[in-house]
Amino acid sequence: MPVTETITDTFRTNELDPINHRKDHDGHFYSISQSVKKQLFTGGGLPKEYKELSETLNGLSIMVRKPAIELITYLNKTNFDAPVTRYVLYGKTGSGKSISLAHILHYGSNAGMVLVHVPWAPNWVRFPKGCTPSVIHPNMYDHPIESVEWLKHFSTQNALLMQKLELKTTETYKWSKREITTAGSPLCELIDLGMNRAKYATDCVAALLGELKKAAISKRCRVLVVIDGFNAFFSPKSKVQREDKSIVLPTEFVLSDAFLSLTRNDWTNGAIVVSVDASALPLELRESSFPRYQLGKQGFEHLDPFIPIEVPNYSEKEFHSQIDYYVERNWLQQPKARTDRGRAELSFTSGNHPLSLMKLVAPY
């Protein structure tokens, strides 16, 4: 199906549907409506600095960059009858991986895919809000609070689609003597139970992911899994301790186990996009940004085979587009920013690194 040419002569594009983004849109910004922003990112997905900047500038815009274009090209050509393909975004911290994932989330939403999104996996490992021993899984640990939050995030992102799909459970889940989710119940009941009963929330997440996997295989829905900081699941330590003060490994979390199960390529009718980042690991394990190092042996073998996609620093075109955006929004008011010499100085000082440039032009 031919795509209508919508590229403007400036640094913006009027093509607001990520499904149609292609090479010609590289380096152009597109705007995301407030309603879409509320649906997709209320529960996370935008880096704190980027979210605050978009609020200050009164509007969320995302630059269409080559990594996202490459991913969208692959997704548009996917054979969904084949086992799910895994894609791994990698690059230096602050190069734009999270924003590329946000772009892909928008793509998946517009493509009618059920979104299974983890905004920042390291939060469950490094900043848990209260882990408890699992009642169902021996030697495993639950994240009651984070599980409730994640179920709310899932519900916000997929509420309308889940109503339309009318997915139902394929098995019976017994939570207690009185509380049972019978086979054939709407998945929404499973979600509601987890949101209202933190005690069961983690196992509700695991059950939900398992049901979505089955639904995808039976072609009742198409699923897009997006996880930022995926390598945190394979970190050699966490902030959670047992009573004897021994460290609980991330792979011993019920949440980790559930999402690791979903990121295997033993199902169809979906796609898996994850990022690996040095900041997801302890300080002593940040020497390289490459997937093999970031994932470690266990993580690499879990995802292999996968398609690696590098998210580099800005190209010259992208750098100038970003400066144009800052100037247009009056975020960068220095007259020098409009000159070649001024821009050359900003380029040299920031190294065309997206996060460094954002901090460099901040008026504080």
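Domains, enclosed spaces and salt bridges in a predicted model

The centres of domain 1 and domain 2, taken over C-alpha atoms, are separated by 37 Å. The model described here is a predicted one, and the domain assignment of the protein places domain 1 at residues 79–310 and domain 2 at residues 322–363. A second distance can be given between two individual residues: G210 and Y325 are 115 residues apart along the chain, and their C-alpha atoms are separated by 43 Å. Of these two residues, G210 is found in helix 8, which covers residues 198–217, and G210 counts as partly exposed because its relative accessibility is 30%.

The open space of the model is considered next. The largest pocket holds about 1200 Å³ of space, and its lining is made up of 48 residues, among which L46, P47, K48, S98 and D228 lie nearest the centre of the pocket. Two or more lining residues are given by each of helix 2 (48–56), strand 2, helix 4, helix 5 (122–126), helix 6 (144–165), helix 11 (316–328) and helix 13 (354–361). The largest share of this lining comes from helix 6, which supplies 6 residues. When the lining residues of the largest pocket are sorted by class, 19 are nonpolar, 17 are polar and 12 are charged. Both domains take part in this lining, since at least three of its residues are drawn from each of domain 1 (79–310) and domain 2 (322–363).

Enclosed space was searched for separately. A search of the whole structure finds 1 cavity of 30 Å³ or more, and the volume of the largest cavity is about 40 Å³. The residues that line the largest cavity are I62, M63, R65, A68, G96, I99, S100 and H103. At least two residues of this lining are supplied by strand 2 (60–63), and at least two by helix 4 (97–110), with helix 4 giving the largest share, 3 residues. By class, the lining of the largest cavity consists of 4 nonpolar, 3 polar and 1 charged residues.

A68, one of the residues lining the largest cavity, is also listed among the buried residues of helix 3, which are P67, A68, I69, L71, I72 and L75. The cover over these buried residues of helix 3 includes strand 3, helix 4, strand 10 (270–275) and strand 11 (307–310). Helix 4 therefore appears in two descriptions, as a contributor to the lining of the largest cavity and as part of what covers the buried residues of helix 3.

Charged side chains were examined for pairing, and the count comes to 14 salt bridges. One of them joins K219 and D81, whose closest N and O atoms are 2.9 Å apart. K219 lies in the loop between helix 8 and strand 9 (223–227), while D81 lies in the loop between helix 3 (66–76) and strand 3 (85–90), so the pair ties together parts that are 138 residues apart in sequence. Both partners count as exposed, because the relative accessible area is 56% for K219 and 54% for D81.

Another salt bridge is formed by the side chains of E252 and R242, with a distance of 2.9 Å from N to O. E252 and R242 both lie in the loop between strand 9 and helix 9 (254–262), so this pair ties together parts that are 10 residues apart in sequence. E252 counts as partly exposed because its relative accessibility is 22%, and R242 is likewise partly exposed, with a relative accessible area of 23%.

A further pair is found within a helix, where E301 forms a salt bridge with K297 and the closest N and O atoms are 2.8 Å apart. The two residues are 4 residues apart in helix 10 (residues 291–303), which means that E301 and K297 are separated by about one helical turn. In this pair the partners fall into separate exposure classes: E301 is partly exposed, with a relative accessible area of 48%, whereas K297 counts as exposed at 55% relative accessibility, the boundary between these classes being set at 50%. Finally, salt bridges also link R12, E328 and R329 in a network.

Methods: Residues are numbered from 1 along each chain as its sequence is written. This is a predicted model: local features need pLDDT of at least 70, side-chain atom pairs count only at pLDDT 80 or more; totals for chains, interfaces and linings use all residues. Side-chain values use heavy atoms; hydrogens and water are left out. Buried means under 20% relative accessible area, exposed over 50%, partly exposed in between (1.4 Å probe, protein chains only). On a 1 Å grid over the protein atoms alone, a cavity is a set of points where a 1.4 Å probe fits but cannot get out, and a pocket is an open set with protein on both sides within 12 Å along at least five of seven lines; lining residues have an atom within 4 Å of a point. Grid points are joined across faces, edges and corners, and a volume is the space filled by probe spheres set on the points. Ala, Val, Leu, Ile, Met, Phe, Trp, Tyr, Cys and Pro count as nonpolar, Asp, Glu, Lys and Arg as charged, and the others, Gly among them, as polar. A salt bridge is a side-chain nitrogen of Lys or Arg within 4 Å of a carboxyl oxygen of Asp or Glu. Contact means heavy atoms within 4.5 Å. Domain bounds come from an automatic or database domain assignment.
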